[in-house]
Amino acid sequence: MPIMRTLGPGSLSSFMKAVLDIVWGLLLVVLAILGASLLYGVLAAFNPAMPFARLVLFEGLDPLQAWAVVLARLGTAVLFVGGVLTIVSSLRKIFATLKAGDPFHPDNVTRLRVVAVGLAWLELVRYAVWTLGALLPPQAAPDRPNLSLTAWFSILVVVVLAEVFREGARLRRESELTI
């Protein structure tokens, strides 16, 4: 039974690069839609005569409060999708080097650190949502998520991997200088 290669053209890493390219494109579309929705929401909040402006209702809230809730949720979604887009963008670049057969490319260290910061950003956005949710009326408040140890453990794993890649890049540089 043939084993699929993990590095180089036609490998698992080239398949993953293609998948990440598709996800990246879809995230750009989602971010554009969310951005347009956020802009429309800001305009509709102050002009109830706009089409669909009266569709945003929460029981017990006046229209301006309801729009404030919607805008807060759209803003949070923009921040979240922006964080995911940053992570996917860095992963695309990492997998491009894996596809080229160069896993210990020096730039991969920075890219892995960006992934770690992006993952931390997503967790911090989640915590900000529940903190700010306490200020919202009960009918509009988001559910309170739990503390995700898995997410923080994943962040630490990516930080360690970044250091492993840094050491691999250093060893590669040394071997290139060896005659």
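User: How do I read the contacts of one residue, and which residues is R92 in contact with beyond its neighbours within four places in sequence?

Analyst: Set the sequence neighbours aside and see what remains. In this predicted model, R92 is in contact with K17, L20, D21 and W24. R92 itself is found in helix α2. Its C-alpha atom is separated from that of V23 by 9.8 Å, though the two are 69 residues apart along the chain.

User: What does the side chain of R92 make with the side chain of D21?

Analyst: A polar contact, at 2.6 Å. The pair also counts as a salt bridge, with the closest N and O atoms 2.6 Å apart. D21 sits in helix α1 and R92 in helix α2, 71 residues apart, so this pair links distant parts of the chain.

User: Is D21 buried, exposed or partly exposed?

Analyst: Partly exposed. Its relative accessible area is 29%, and buried would need a value under 20%.

User: How many salt bridges are there?

Analyst: The count comes to ten. Take two that lie within a helix. R126 pairs with E123, the closest N and O atoms being 3.1 Å apart. They are three residues apart in helix α3, so about one helical turn separates them. E176 and R172 meet at 3.5 Å, N to O. These two are four residues apart in helix α4, which means a separation of about one helical turn.

User: How do the partners differ in accessibility, starting with E123: buried or exposed?

Analyst: Check each residue on its own. E123 is buried, at 8%. R126 is partly exposed, at 22%. E176 is exposed, at 54%, while R172 is partly exposed, at 25%. Salt bridges can also share partners: K17, D21 and R92 are joined that way into one network.

User: Now the whole fold. Which pattern does the protein follow along the sequence?

Analyst: α-α-α-α. There are four helices and zero strands. Of contacts between residues at least 6 apart in sequence, 66% join residues at least 24 apart.

User: Which residues have the most contacts inside the largest nonpolar core?

Analyst: L27, W67, L112 and V158, in a core of 27 residues. Each of α1 (12–46), α2 (63–99), α3 (107–133) and α4 (149–177) supplies at least two of its residues. The largest share, eleven residues, comes from α2.

User: And outside the helices, why does S11 count as buried?

Analyst: Because its relative accessibility is 1%. S11 lies in the segment before α1. Beyond its neighbours within four places, it is in contact with M4, R5 and T6.

Conventions:
Residues are numbered from 1 along each chain as its sequence is written. This is a predicted model: local features need pLDDT of at least 70, side-chain atom pairs count only at pLDDT 80 or more; totals for chains, interfaces and linings use all residues. Side-chain values use heavy atoms; hydrogens and water are left out. Contact means heavy atoms within 4.5 Å. A nonpolar core is a set of buried Ala, Val, Leu, Ile, Met, Phe, Trp, Tyr and Cys residues joined through side-chain atoms within 4.5 Å. Buried means under 20% relative accessible area, exposed over 50%, partly exposed in between (1.4 Å probe, protein chains only). A polar contact is a pair of N or O atoms within 3.5 Å; within protein, one must be able to donate a hydrogen and the other to accept it, and residues adjacent in sequence count only if both atoms are side-chain atoms. A salt bridge is a side-chain nitrogen of Lys or Arg within 4 Å of a carboxyl oxygen of Asp or Glu.
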